[in-house]
Amino acid sequence: LAHLCVLPPGFVESSCHSRIFWMKMNKLFLQRKFFQVEINDPYAGSVLLDEKLASRCGYVLSEDVWGNPIFRASVLGCHVVNEADELFSLTVNIRVSSFPSMRAAVTYTYPMYCSYSSWAPREIVCEENYMEVSVKTDVPAVSNDYTLAWMSALPETQNLAYQLWQLMFVSPSGRKRIMVSDAAKLGYSFNNTLSRVYLRAPYHSNESDFSMVGGVNMNMVTSTSMYRQRWLLLLIDTTVSCPVDGTSFTDTTLTWTVPSIIPTLVLQESTFLSKSISMGVDGQVIANPREKNYLMEHNTTHIGITIPIGAEGGKLKSSVSGGVYGVTYSIDLFLEHTWTDADWQTTKYTVIKPIVTPFIPQIPTVINNTLPEERIFNVAFGHFLPDVSLVSITIGNVPFTLRQAQHQGYKIYEAPFSNTTKGFILEVPFDDPYVLKEYVNKNETKYTLLLNYTLNVGPEMTLYYHSAELECIIADIELPEAVGYCDKENLYLAIPILGLHQYWNLYIGNKLLNRHTVLTNGYFAATNSTHLILQIPLFAIGVIYEEVSFQKIKARFDVVLRKVRTLETLEIFSTRCNFNSSAFVVCHPDGTIMISAQMKTVPAIDMSKTKLRDSSCKPKEYNKEHAFFKFHVTTCGTSVRFEGDHIIYENEISYEKETLPRRSLPTITRDTDYRLTVLCYYRAKETVMLGAFVSDSSMPKSPPFGSGTVVPRSNSAVYRRIRQVLNVVSRVSKDGSFMEFYEPNMAVLRRFLDPVFLEVELKDESPEAELYLDNCWVTGSLDFNSTPRWNITVDGQVVTERPTCA
């Protein structure tokens with residue numbers, strides 16, 4: 001059951017333009033509701049409007065660019081009441097229901113009126129879903145005396161004649177003649193009024209044809225309306241042609257093009273004369289298009305209308321395509337062109353054209369407005385149309401609704417941008433737990449904010465996601481500054497502990513300064529609330545002796561400040577002092593030994609006469625109680641021996657006795673006997689141990705092969721330092737000629753009994769450097785102590801027995 005109600009104020013508005021009824025319904029009254037439009041037939045009652053009825057009877061039901069339902073009707077429509085081709089009326093019913101089935105619908109009746117008296121001899125309307133042509137059929141009067149009687153009888157005569165009208169269509173398939181009564185079955189509408197005959201045809205009918213006119217595709221129906229009765233034959237040209245495209249687009253504009261002259265409508269082009277051209281938007285004529293930045297141009301072939309995308313009168317709409325945000329722009333245009341020619345005198349040509357641009361991607365931008373000194377990320381995300389809303393935001397990997405985000409302490413708000421667009425502003429503190437923090441450079445922190453926006457886009461509320469990453473680097477970390485000092489026997493470094501192990505670690509050489517390093521190297525360490533105090537004895541491992549002279553040592557100790565992750569060296573903290581020492585032995589890594597020997601004997605001896613095992617090695621400096629020697633472990637009679645993991649270099653300081661002249665035995669001396677043994681210990685694994693074959697377990701098991709690459713081995717940083725100084729290299733030769741060598745890191749295949757030609761070369765140019773090849777072996781991994789192992793040389797001797805597998 002339907003209920004008749006009074007229309008709510010503002011629900012419907014209507015007007016009459018270009019002999020067309022225009023009715024607009026306000027979408028606000030139809031939210032979350034369903035509606036139907038019925039046409040009120042004055043004789044048969046209400047008829048439900050559907051697509052077939054609309055195209056045949058001259059009706060259009062669509063939406064304007066703002067989403068408001070639009071109904072248009074030709075004044076020559078099927079159910080329009082026509083009074084003398086001047087006054088027209090049409091009544092529609094609008095049924096509104098909350099249910100798709102339209103039950104419990106409320107019906108609003110809305111009458112419309114239109115007056116139109118200035119008919120042209122031929123008028124053509126190109127609507128969205130139909131083409132319509134109407135032509136004047138007034139019969140001229142025989143004489144003035146009989147004009148009134150003739151005109152009063154004409155309508156009745158025309159009504160009788162209608163039954164005898166026929167239509168002749170000309171199409172590519174040939175000629176086709178049908179009775180008017182059969183035209184409606186094919187979707188046409190043909191009728192006459194008091195003074196006109198009209199034909200209405202749907203687009204793309206079987207009797208239609210397509211042609212290109214100036215690059216514009218035209219749909220046309222070529223027809224002749226015929227009336228024949230004995231001695232009378234009346235032929236009326238009811239051909240109609242309408243554009244079906246003609247739109248083109250750039251990134252910033254849309255252009256609609258319509259031919260100026262349509263050949264099927266103008267048979268004698270030489271007599272064509274354009275009288276007036278006007279355009280309109282949304283049913284309203286635009287008197288001065290340039291005021292709205294519209295451009296309308298015309299020449300002898302084309303009429304073109306160019307509209308900037310986003311211009312007034314149209315609407316931008318947000319959408320998502322393939323996960324990409326973008327917009328479409330829609331505008332409802334119409335064009336009226338009036339021309340004259342010899343055949344038709346005047347033709348009024350009206351085209352109504354809703355235009356929607358293709359999808360235009362609009363990649364949103366993330367603008368970093370962060371001011372580092374405020375320590376707050378300020379991020380603007382835009383530009384968006386008003387039909388976009390922010391639903392949620394993910395910070396780091398944690399999603400937040402807008403309410404949750406505000407409760408967390410984040411600030412989120414909308415801000416207007418240019419051109420009626422908007423953006424979303426987000427503020428997040430640097431110290432927020434979901435902001436990533438990374439120590440970079442010397443004293444800077446890189447703060448990284450990872451974002452993922454979720455938005456509702458357009459009227460369809462399509463979800464759209466956009467991720468962003470923002471960085472801000474600020475110098476907000478204070479590098480520590482160490483203080484060094486010394487006492488008589490130790491060097492000290494006081495290092496601030498703030499940030500240690502968070503950003504930096506301390507190293508002595510290449511060894512991490514930890515409890516184990518402190519204990520094994522004889523250091524002492526203590527901490528208070530602010531500093532680490534490191535005590536280093538003068539003769540501890542790692543002390544660098546910059547200058548050693550008679551009774552004086554200039555010593556330095558370095559602690560390296562390195563990044564925790566990259567091990568990049570940032571600072572070297574050094575403490576440097578001069579020490580007065582009466583007795584010391586300094587064993588340098590390069591093999592240089594320096595000795596300050598204190599010799600208190602009774603009676604005293606002459607220190608200038610002291611020497612090393614090689615008597616030519618005399619003191620560099622001396623006084624009454626001290627002698628200072630400097631020599632290399634390969635000179636002055638120095639001996640070497642191995643004990644456990646150490647190499648020990650040994651020499652002896654002795655006194656060269658003065659003897660009396662030999663007159664008889666025994667020999668008489670005036671001096672006491674004096675000897676002082678000097679030892680320098682070097683770790684055996686700090687010497688160069690070079691070359692190992694690494695077997696490849698992926699090689700075939702039978703027949704047995706060994707393969708590998710020559711790799712240097714070391715377990716200590718001292719080895720690397722010595723190797724760099726001595727420049728020791730190793731290669732594998734292809735044969736015993738030692739002329740061709742395998743490339744580094746290249747697998748070398750050998751049977752167990754095949755010889756391996758290994759070359760170890762000492763490239764140091766110092767005549768004091770010597771090379772001893774001690775142990776070489778093959779193992780299955782890079783582990784220095786891995787098993788099984790196959791010896792090549794042991795204690796410098798080549799192994800000749802067949803290797804076996806354990």
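**Entry 1. Cysteine 114 and its partner**

I began with cysteine 114, which is buried, with a relative accessible area of 5%. I note at the outset that the model is predicted. I then looked for the bonding partner of this residue and found that cysteine 114 forms a disulfide with cysteine 16, the two sulfur atoms lying 1.5 Å apart. I placed both residues in the fold: cysteine 16 belongs to strand 2 (residues 12–17) and cysteine 114 to strand 10 (residues 106–115), so the bond ties together parts that are 98 residues apart in sequence. I also looked up the accessibility of cysteine 16, which is partly exposed at 28%. I recorded this pair as one buried cysteine, 114, joined to a partly exposed one, 16.

**Entry 2. Cysteines 57 and 78**

I next examined the disulfide that joins cysteine 57 to cysteine 78, for which the S to S distance is 2.2 Å. Here I also looked up the torsion about the S-S bond; the value is about -90 degrees, so this disulfide is left-handed. Cysteine 57 sits in helix 1 (residues 51–57), whereas cysteine 78 sits in the loop between strand 7 (69–74) and strand 8 (81–83), so the bond links parts that are 21 residues apart in sequence. I checked how each end is placed with respect to solvent. Cysteine 57 is buried, at 1% relative accessibility, while cysteine 78 is partly exposed, at 31%.

**Entry 3. Cysteines 126 and 242**

I turned to the disulfide between cysteine 126 and cysteine 242, where the sulfur atoms are 1.9 Å apart. The torsion about this S-S bond is about -85 degrees, so I entered the disulfide as left-handed. Cysteine 126 lies in strand 11 (residues 122–126) and cysteine 242 in strand 20 (residues 240–243), so the pair connects parts that are 116 residues apart in sequence. For cysteine 126 I found a relative accessible area of 1%, which counts as buried. Cysteine 242 is buried as well, at 0%.

**Entry 4. The overall set**

I closed with the whole chain. How many disulfides does the count come to? I obtained 6 disulfides. With the bonded cysteines counted along the chain, I wrote down the pattern as 1-4, 2-3, 5-6, 7-8, 9-12, 10-11. I looked up one further residue, cysteine 472, and found it buried, with a relative accessible area of 9%.

Conventions: Residues numbered from 1 in each chain as written. Predicted model: local features only at pLDDT ≥ 70, side-chain atom pairs only at ≥ 80, totals over all residues. Heavy atoms only, no water. Disulfide = S-S within 2.5 Å. Helix = DSSP H or I, 4+ residues; strand = E, 2+ residues; numbered from the N terminus. Buried < 20%, exposed > 50% of the residue type's maximum accessible area, 1.4 Å probe, protein only.
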